[in-house]
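Here's a quick briefing to read alongside the model. Have the viewer open and click through the residues as they come up.

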Amino acid sequence: MKDLFALRRGQRYSIEAAVNHKNRDISFMSNDHGERMGELSRLVGLVLDVAKSALEGQGTFLPGSIAVDAAGKYAIGVAPHGGVDGWTLLTTAFRQRAAAEQLRAVALYRDVRVRERGASEDVDAIHAVVELASGEAVQVFQIYRKNDAGEIVYDRPEVEHAPSVIFGRRTPP
């Protein structure tokens, strides 16, 4: 994979390596595995683009989602309210939907405050969780700030392996 992201540990990994980090299995990729990693990478890019667009248009945004059905059709949605309640609502709704429908992937995103390593104050960030029905999942943090001209500038996204919370141990479609 050519798209590299920085992990919180300061190391650089591809999406594939972030997903396989726990197993340290970053050697040979099967075609199927390569396709899943490509889909995961595309969804990470898409979810960050959607969140940035909302942020730049409104200055903040409500938690949102991107669902991919079995046919590959994307559906973008937004929670009716923000904060933890909106995030919890989306997570719960997609767990139920994943159990009842043939979803291929889900990406959830929200506007959060995080503390950078060694910093004394919290900063703004986009947080996203991207999951495939096959079990691969990553979470992404992308810190952002306003510069002196009032424009939003973004740090490099930090991607790390995450446990699946939407699909769990579900068998892929």
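R97 is partly exposed, because its relative accessible area of 29% falls between the 20% and 50% cut-offs. Keep in mind that this is a predicted model. R97 has a salt-bridge partner in E101, with N and O 3.3 Å apart. That partner is partly exposed too, at 37% relative accessibility.

**Other salt bridges**

- Seven salt bridges turn up in the count.
- D124 pairs with R113, and their closest N and O atoms sit 3.0 Å apart. D124 belongs to strand β6 and R113 to strand β5 (residues 103-115), so this salt bridge ties together parts 11 residues apart in sequence.
- D124 comes out at 27% relative accessibility, so it goes down as partly exposed.
- There's also a network of salt bridges, which links E116, R145 and D155.

**E136 and its partners**

- Where does E136 sit? It is in the loop between β6 and β7.
- E136 makes a salt bridge with R36, at 2.8 Å from N to O. The two come from distant parts of the chain, 100 residues apart: E136 from the loop between β6 (122-132) and β7 (137-146), R36 from helix α2 (residues 31-58).
- Is E136 buried or exposed? It counts as buried, because its 9% relative accessibility is under the 20% cut-off.
- R36, on the other side of that salt bridge, is at 22%, so it counts as partly exposed.
- E136 has a second side-chain link worth a click: a polar contact of 2.3 Å with S134.

**Nonpolar cores**

- As background, nonpolar side chains tend to be buried together in soluble globular proteins.
- The largest nonpolar core here has 25 residues, and the members that touch the most others are L43, V47, F61, Y109, V130, V138 and V140.
- At least two residues of this core come from each of α2, β3 (64-69), β5, β6 and β7.
- Which element gives the most to this core? That would be α2, with 10 residues.
- Take L43 for a closer look: leaving aside residues up to four places away in sequence, L43 touches I66, V68, Y74, A105, V130 and L132.
- Apart from the largest core lies another one, made of 13 residues, including A67, A79, L103 and L108.

**The chain as a whole**

- The fold has three helices and nine strands, and going along the sequence they follow the order β-β-α-α-β-β-α-β-β-β-β-β.
- Of the 173 residues in the protein chain, 45% are buried.
- How much of the contact list is long-range in sequence? Among contacts with a separation of 6 or more, 52% are between residues 24 or more positions apart.
- The protein chain has an accessible surface of about 9400 Å², and carbon and sulfur atoms account for 48% of that.

Technical notes
Residues are numbered from 1 along each chain as its sequence is written. This is a predicted model: local features need pLDDT of at least 70, side-chain atom pairs count only at pLDDT 80 or more; totals for chains, interfaces and linings use all residues. Side-chain values use heavy atoms; hydrogens and water are left out. A salt bridge is a side-chain nitrogen of Lys or Arg within 4 Å of a carboxyl oxygen of Asp or Glu. Helices (H or I, at least four residues) and strands (E, at least two) are DSSP runs, numbered from the N terminus. Buried means under 20% relative accessible area, exposed over 50%, partly exposed in between (1.4 Å probe, protein chains only). A nonpolar core is a set of buried Ala, Val, Leu, Ile, Met, Phe, Trp, Tyr and Cys residues joined through side-chain atoms within 4.5 Å. Contact means heavy atoms within 4.5 Å. A polar contact is a pair of N or O atoms within 3.5 Å; within protein, one must be able to donate a hydrogen and the other to accept it, and residues adjacent in sequence count only if both atoms are side-chain atoms. Accessible areas come from the Shrake-Rupley method with a 1.4 Å probe; for residues, only the protein chains shown count as cover.
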